[in-house]
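User: I am new to reading structures and would like the terms explained as we go. Please show me the model first.

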Amino acid sequence: MTLFSRRSALRAIGLAATLLASVGVAAVSAQDRTSVKIGYAISKTGANAGGAGITTLPNYQLWVHDVNEAGGLELPDGTRLPIEVVEYDDRSASEEVVRAVERLATQDQVDFILPPWGTGFNLAVAPLFDRFGYPQLAVSAVTDKAPEFVERWKKSFWLLGGGHDYTEALAQILNDQKAAGTINNDVAVISVADGFGIDLITAARQSFADGGLNIVYDVTYPVGTTDFTPMLNEAAASGADTFVAFSYPPDTFALTQQAQVAQYNPKVLYMGVGVGFPVYQANNGDKIEGIMSLGGIDPNNVAVMDYRARHTDFIGQAPDWWGSVVTYASLQMLQEAIRRQGLDREAVSQELSTGTFETVLGETKLEDNQLRTLWLGGQWQDGVFVAVAPADREGAVAPRLPKAPWPAQ
Amino acid sequence: MTRTILGLMLAILGLAALAWMPTQLGAYGVGLLLGMTGYVALASAWALFSGPTRYVSLATVAFFGIGAYTVAVLSETLPYWAVLLVAAVIGLAVALIVGLATLRLAGVYFVIFTFGLAELIRQLVTWYEVNVTGTLGRYIFLPITAEQIYWQLLAVAAGTIAIGWLISRSRLGLALKVIGDDETVAGHTGINIAGVKLALFAVSATIITLVGAIQAPRWTYVEPAIVFNPTISFLTLIMALLGGANRLWGPALGAIPLFLLFEWLSANFPNHYSIILGLLFIAIVFVVPRGVLAGIEDGWARLKRRGEAA
């Protein structure tokens, strides 16, 4: 009898490798409180990893780093406890994110849970945050239903507004430009067939109609579309001075490229998520001048610019120009609420709801558990994505319209 | 006969014990049981059709998603039991239409078609929502607790295994064995191959639809990208293959350890999960290509032969 055939040896090696890879034990010992446990489940892999890896996760990491660097979270008695992070990957699956939050609440018994990325996932976990009594500072969730959700889940907070907020701000800009004689009354709109695109186009149809604007071209394209030339040509042929795309990456990047190739330069060019990503500026250089999108920042706000510099230093890339700074501000609110109220989640939720906080956004106070002082529209001006709407808010810059022509290739 | 009754009683006792477990566990434990039972039901239902016929179907998530979406659409207008009924009927109807059109495809063509089917239905739902209703996400606010979802899934899983057991003892089961061994011979002996396959596909798809419908209230918010997630199809497949797709308890025995392993991996190695998972899949196909149960039997037979030879 042969001792080992080659096949069984190979099998054994394969098995051993698998087993070896899975050895490793996380030791947890019960002690007196030496840290504050903060947990989160986030999409590190799968379809949502792109967005989560730009707007949410880097800010969680930066905040934990900042707090621990300063000696930890300050409690009402003045002592400081370092943050201990429990991090899970929800793999962009809603059943996973639900179970991960259950695990955080009942197995790991963390003191606070930070929300996942995306509207759908924030809603999926909202009943759990509510049942286990954790405050939920949902940032990357754009929803018009926030007031209803606050009613349903008292400890939920919604910090990025709803679709109507953004489309009404856009309609306002367009109406101002129309009144100034810069553009005509016609708008061409395309939108991506996913939750974000559909929410915004539905809101936009109403906002534009209310504002007396005329939608002359309105097309929804499926997720995964790569050739936008026919749509751009038809939009150009429609005679509209304004082109709006409620798009998502990577469509936003493709649209920017293809509009240049087609020499399509509408007087107002507004696109969706992705315009504020650091990679957008890196890839397009000075061609982005005049392009508009959601979000924006006030470049004269020292706190925001300081935050951006620290983010770039620590993470190795700049934050985006929309949700990132709000995410970081939400964490500062949590930090300050803990400083005032300690680790009692009930009291912290109450404080978040009623308190006034000093954050990178300036003085921040929630109304009905929602952040209402938001930058709703921005424009690339000289390499900075400045906020242009709402125009009456302090720090807003006047939009430069019509958009500059594309630079020569 | 007595063995059957004894087995039946054991099964009922086991079921009662499983149904009683949530009272002893916290929310996380119930969540774990729920997910596990869901996959036991999915893998068993998948194996009902794919085990004997050897048609590898990746359409699991198509039906799972149909179930979840039906609940999302109708949860406000119909009582819950009626919603489940409608979901099952829709699943059945789609399975019959699809089955009639495609069960003549064989081998890799069928695999590709079923994978495409999931995408097709997802795009159809998206198209409908975009062009007709004008909203993409839907909310499910049903007062159903995790325990209740678990009990329903447990009933479906038990029902699926019971159906599998009944089929294996019936003329249909015999016909299936012949088809699985050799389709040409089966045809010549007068078995209605297309009819048998269609019946099984329909039963399997209806159960999968129900699993999707029952699990949907847990997510509160449903959109096509969430409920038509192809990972569900692949996990179901690998679980059934690990246990052994043409054994009654095979899929369950594959689903439980794999589910627990996934859970343990994602809790302890969140950053290496995908790599370990890949290695594991390779290991499964390499070490136990016909499933754990068959592997054990093979090993046992080899040992016995060796013993006789000595």
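User: How many residues do chain B and chain A each bring to the contact?

Analyst: Chain B brings 38 residues and chain A brings 44 residues. Contact means heavy atoms within 4.5 Å. This is a predicted model, in which local features need pLDDT of at least 70, side-chain atom pairs count only at pLDDT 80 or more, and totals for chains, interfaces and linings use all residues. Residues are numbered from 1 along each chain as its sequence is written, chains are lettered from A and ligands numbered from 1 in the order in which they are written, and side-chain values use heavy atoms, with hydrogens and water left out.

User: What is the area buried between chain B and chain A?

Analyst: About 3,500 Å² is buried, and carbon and sulfur atoms give 61% of that. Buried area is the accessible area (1.4 Å probe) that two parts lose on being put together, summed over both. On the chain B side, B:Tyr28, B:Phe141 and B:Arg218 supply 16% of the area that chain B buries against chain A, more than any other three residues.

User: What makes the meeting of B:Arg218 and A:Glu102 a salt bridge?

Analyst: A salt bridge needs a side-chain nitrogen of Lys or Arg within 4 Å of a carboxyl oxygen of Asp or Glu. The N to O distance between the side chains of B:Arg218 and A:Glu102 is 3.1 Å, so the pair meets that limit. The count between chain B and chain A is four salt bridges.

User: Which helices of chain B supply at least two residues each to the side that touches chain A?

Analyst: They are α2 (27–53), α5 (108–133), α12 (250–268) and α13 (273–287) of chain B. Helices here are DSSP runs (H or I, at least four residues), numbered from the N terminus. The largest share, eight residues, comes from α13(B).

User: Why is the pair of B:Tyr39 and B:Phe259 called tilted?

Analyst: Rings of Phe, Tyr and Trp (its six-membered ring) pair if their centres lie within 6.5 Å; planes under 30 degrees apart count as stacked, over 60 as edge-to-face and the rest as tilted. The centres of B:Tyr39 and B:Phe259 are 6.1 Å apart and their planes stand at 40°, so the pair is tilted. B:Tyr39 sits in helix α2 and B:Phe259 in helix α12 of chain B, 220 residues apart.

User: How do you know that B:Tyr39 is buried?

Analyst: Buried means under 20% relative accessible area, exposed over 50%, and partly exposed in between (1.4 Å probe, protein chains only). B:Tyr39 has 15%, so B:Tyr39 is buried. B:Phe259, with 3%, is buried as well.

User: Why are B:Phe63 and B:Phe201 called edge-to-face?

Analyst: Their ring centres are 6.0 Å apart and their planes are at 80°, so the pair is edge-to-face. B:Phe63 belongs to helix α3 (residues 60–74) and B:Phe201 to helix α9 (residues 193–215) of chain B, 138 residues apart.

User: Is A:Arg103 buried or exposed?

Analyst: A:Arg103 has 4% relative accessibility, so A:Arg103 counts as buried. A:Arg103 lies in helix α3 (residues 94–107) of chain A. Leaving aside neighbours within four places in sequence, A:Arg103 is in contact with residues including B:Tyr28, B:Glu263, B:Ser266 and B:Ala267.

User: Is B:Arg54 buried or exposed?

Analyst: B:Arg54 has 55% relative accessibility, so B:Arg54 counts as exposed. B:Arg54 lies in the loop between α2 and α3 of chain B, and its phi is near 60°, a positive value in a residue other than glycine.
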